[in-house]
Amino acid sequence: MTDPVFFRPVRGIALQEVAALAGVPLPEGVDPSRIILGVAPLESAGPDELSYMDNARYVAQLGATRAGVVLVADRYAPRVGAGSVAIVCKDPHRAYARVLAELFPDAMRPGSFFGASGVAPGAIVHPDARIEQGAVIDPGAVIGAGAEVGRGTVIGATSVVGPGVRIGRDCSIAPGVVLQHALLGNRVIIHPGARVGQDGFGFAMGGSHLKLPQIGRVIIQDDVEIGANTTVDRGATRDTMIGEGTKIDNLVQIAHNVVIGRHCVIVSQVGIAGSSTIEDYVVIGGQVGVIGHVRVGAGSQIAATSNVNSDVPPGSIWGGTPARPVKEWFREIAALKKLASRDRNK
């Protein structure tokens with residue numbers, strides 16, 4: 001449920017707008033001006049709230065729901081209770097996301113805790129920094145010499161923007177973030193505690209390990225989102241890069257010289273070692289390890305907890321340790337189960 005202390009709808013939303021956001025027409029006989037005031041799960045939604053359903057596990061709740069409106073896939077539409085309006089759409093989850101964004105825009109990205117515009121009292125901004133009009137700098141934030149912060153960007157309390165860092169427009173830098181040696185595009189979201197641009201783990205190994213200076217940058221393109229306590233090391237001699245639209249979860253480690261393409265999804269606790277390349281539209285499940293200097297081809301998917309130690313062809317689905325094509329992995333698991341069962345039955 002939503003707590004009005006933290007998240008309150010900014011307005012009601014008419015059913016005709018809900019249908020437009022879902023990209024479908026309203027059912028015949030439904031009042032297009034009827035207002036929805038909130039959202040809730042199927043089991044707790046009331047007559048003035050919207051819910052959605054796209055998983056067979058929730059068929060029982062679908063039939064019993066009291067929700068005023070349910071976004072639902074065509075195959076489940078006949079199961080919607082008589083008291084609810086069923087808006088049938090191809091992707092109910094995506095439609096639900098669009099409705100939520102209209103009702104709760106403040107939940108889309110971290111905002112200012114101070115609530116004021118401009119540079120708040122207690123922020124430290126170097127005289128040589130450039131802050132565009134309309135940016136918000138919260139108390140305790142530090143902006144270094146030569147740094148640039150674009151219009152509409154929020155820098156959260158206690159965050160540090162290092163010397164020369166450039167941040168585009170309409171970005172959201174949450175509290176406790178450290179940015180150094182980095183260039184950020186527009187509409188970038190970085191959640192609390194993330195660290196971007198620290199030196200990578202580079203040493204000339206030997207009897208004593210000789211530290212290699214890391215002299216590259218981090219380049220983050222438009223519309224990237226980086227989760228809480230994620231770390232992105234700057235490049236050693238070439239830049240670490242994250243392509244536009246990529247979404248990175250909490251507690252991810254991205255090492256020096258890594259190149260991540262556009263619109264990738266990288267889930268929590270993934271570690272990507274130095275100089276690896278992740279091409280466009282790759283999905284990497286939680287707790288995956290990717291060794292250095294490998295390439296994961298465009299459109300590939302890596303199953304959670306896998307270990308990637310060789311190049312992955314484009315469009316592949318791999319899993320296991322070491323990772324290999326998922327069908328091969330499944331066959332090996334099945335064979336091992338047969339062997340184990342045979343041993344138990346001896």
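**Helix, sheet and cysteines in a predicted model**

Modeller: In this predicted model, helix α3 (residues 92-103) lies across β3, β4 and β5 and runs at about 155° to β4.

Biologist: What is the order of the strands in the open sheet?

Modeller: The four strands are ordered β3-β4-β5-β6, with parallel pairing. β3 (38-39) and β6 are the edge strands, because each has a single partner strand and so one side without a neighbour in the sheet.

Biologist: What makes β5 and β6 a pair?

Modeller: Pairing needs at least two bridges, and strand β5 (residues 69-72) and β6 have four, in the parallel sense. Val72 stands opposite Val88 in β6. Strand β4 (residues 49-53) also pairs with β5 over four parallel bridges, and there Ser51 stands opposite Val70 in β5.

Biologist: Which side chains of β6 (residues 85-88) are buried?

Modeller: Val85 and Ile87, which point to one face, are buried, while Ala86 and Val88 point to the other and are not. In general, side chains of a regular strand alternate between the two faces of the sheet.

Biologist: Why is Cys171 called buried?

Modeller: Buried means under 20% relative accessible area, and Cys171 has 0%, so the label applies. Cys89 is also called buried because its value is 5%.

Biologist: How do you know that Cys171 forms no disulfide?

Modeller: A disulfide needs two cysteine sulfur atoms within 2.5 Å. The closest cysteine sulfur to that of Cys171 is in Cys264, 19 Å away, so the two are too far apart for a bond. By this rule the count is zero disulfides.

Key:
Residues are numbered from 1 along each chain as its sequence is written. This is a predicted model: local features need pLDDT of at least 70, side-chain atom pairs count only at pLDDT 80 or more; totals for chains, interfaces and linings use all residues. Side-chain values use heavy atoms; hydrogens and water are left out. Buried means under 20% relative accessible area, exposed over 50%, partly exposed in between (1.4 Å probe, protein chains only). Helices (H or I, at least four residues) and strands (E, at least two) are DSSP runs, numbered from the N terminus. Contact means heavy atoms within 4.5 Å. Axes are lines fitted to C-alpha atoms, for helices over the stretch in contact, and angles run from 0 to 180 degrees between N-to-C directions.
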